[in-house]
Amino acid sequence: MIQKKAHIPRIGPLLRRFAEQASAVAIERVRAFAESQADEFRQAILDQNFEAFDAFPLRPATLAAKMRAHVDLRVMVATGTYVDSIRSFRTLSSNRRNARFHIGFHPRKLARDYHGNITEILLQDVARIQEYGSVAAGIPARPHWRPYRAVIGARAESERERITRLVVWKLRSEVQKGLR
C-alpha cells in the first residue's frame, strides 16, 4: 500500500500573504474607528456635551459680540470653522504596513473671526487656549479634548479586541486555504 504524503504548504508565502491582509484589515478598521470618533467629537461640541461648557459659559460681552455678528452663540461654534476642521489623520510607519491615526486639526489651519475672515491664529492654539484657559485673556479653561480623549481610549480598547478577533479569523481562513 502506497502512503500519500501530507500536503504541507510553504509557510513563508502563506505568512506574507496573511501579514498583508491582516495589516490592510486592521488599518481599514482603525481608520473607520478614528473617523467615527471624529464625527462623534464634532457632534458632542455642537451638542455642548462637555461639563466645562456649562460650568463656564461665555461672558456677556462675548455673547453680545456674537449676537451683533449674527453667529452661533454656542461655545466653540461661532463660525463653524473649529468644529468643521476637526479631522482624523493617518501617519504610516516606515515599512508602510502600520498606521497611526489621531484626531485634530491640520497643523497650519487658521481660525476665522466672527465675520468669516481668516486670522493669524492657528486652530491648534485656539484649542489649547480653550482647553487650558488663559489668565491674561480672561478665558476660563473649557476642557473638551481631554475628556473626549478618555472616552475614545475606553472605546479603543474594545475596538482593538474586535480587530484582534478579526485578524485571528483571517489567519485561520488563510491557513485553511493553504492546507487545501
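# A walk through the pockets, core and helices

Start by selecting M76, Y114, V126, Q130 and I139, which lie nearest the centre of the second largest pocket, a space lined by 27 residues. A pocket here is found on a 1 Å grid over the protein atoms alone: it is an open set of points where a 1.4 Å probe fits, with protein on both sides within 12 Å along at least five of seven lines, and lining residues have an atom within 4 Å of a point.

Before you go on, note that this is a predicted model, in which local features need pLDDT of at least 70 and side-chain atom pairs count only at pLDDT 80 or more, while totals for chains, interfaces and linings use all residues. Residues are numbered from 1 along each chain as its sequence is written, and side-chain values use heavy atoms, with hydrogens and water left out.

## Stop 1: the second largest pocket

This pocket holds about 700 Å³ of space, where a volume is the space filled by probe spheres set on the grid points, joined across faces, edges and corners. Now colour α3, α4, β3 (110-112), β4 (118-122) and α5, since each of these supplies at least two residues of the lining. Helices (H or I, at least four residues) and strands (E, at least two) are DSSP runs, numbered from the N terminus. Which element gives the largest share of this lining? Select α5, which contributes 4 residues.

By class, the lining of the second largest pocket divides into 15 nonpolar, 7 polar and 5 charged residues. In this sorting, Ala, Val, Leu, Ile, Met, Phe, Trp, Tyr, Cys and Pro count as nonpolar, Asp, Glu, Lys and Arg as charged, and the others, Gly among them, as polar.

## Stop 2: helix α5

Stay with α5 and show L123, A127, Q130 and E131, which are buried. Buried means under 20% relative accessible area, exposed over 50%, and partly exposed in between (1.4 Å probe, protein chains only). Look down the axis of α5: its buried residues fall within an arc of 100 degrees, so they line one face of the helix. That arc is taken from the directions from the helix axis to the C-beta atoms. Just after α5, click on G133, which takes a positive phi of about 80 degrees.

## Stop 3: helix α3

Next, select α3, residues 60-69, and find its buried residues, T62, K66 and A69. These cover an arc of only 65 degrees around the axis, which puts them on the same side of α3. Turn the helix over to meet P60, A61, M67 and R68, which are exposed on the other side.

Is H70, in the loop between α3 and α4, buried or exposed? H70 counts as exposed, at 73% relative accessibility. Its phi is near 55 degrees, a positive value in a residue other than glycine.

For a companion, jump to Q48, in the loop between α1 and α2 (51-55). Q48 is not a glycine, yet has a positive phi of about 60 degrees. At 16% relative accessibility, Q48 counts as buried.

## Stop 4: the largest nonpolar core

Now show F41, I45, F50, Y82, I86, F105 and W145, the residues with the most contacts inside the largest nonpolar core, which has 21 residues. Such a core is a set of buried Ala, Val, Leu, Ile, Met, Phe, Trp, Tyr and Cys residues joined through side-chain atoms within 4.5 Å. At least two core residues come from each of α1 (11-46), α4 (81-84), α5 (123-132) and α6 (145-179).

Zoom in on Y82. Setting aside residues up to four places away in sequence, Y82 touches I45, M76, F105, L123, V126, A127, H144 and W145. Contact means heavy atoms within 4.5 Å.

## Stop 5: the largest pocket

Finish at the largest pocket, with a volume of about 940 Å³. Of its 34 lining residues, A34, F101, H102, I103 and I152 are the closest to its centre. The elements giving two or more residues to this lining are α1, β2 (99-104), α5 and α6. Which of them gives the most? Highlight α6, with 10 residues. The whole lining has 18 nonpolar, 8 polar and 8 charged residues.

Now centre on A34, in helix α1. A34 is buried, with a relative accessible area of 7%. Apart from neighbours within four places in sequence, A34 is in contact with S88, F101 and I103.

Your last click is S88, in strand β1 (residues 87-92). With neighbours within four places in sequence left aside, S88 is in contact with A34, E35, A38, H102 and I103.
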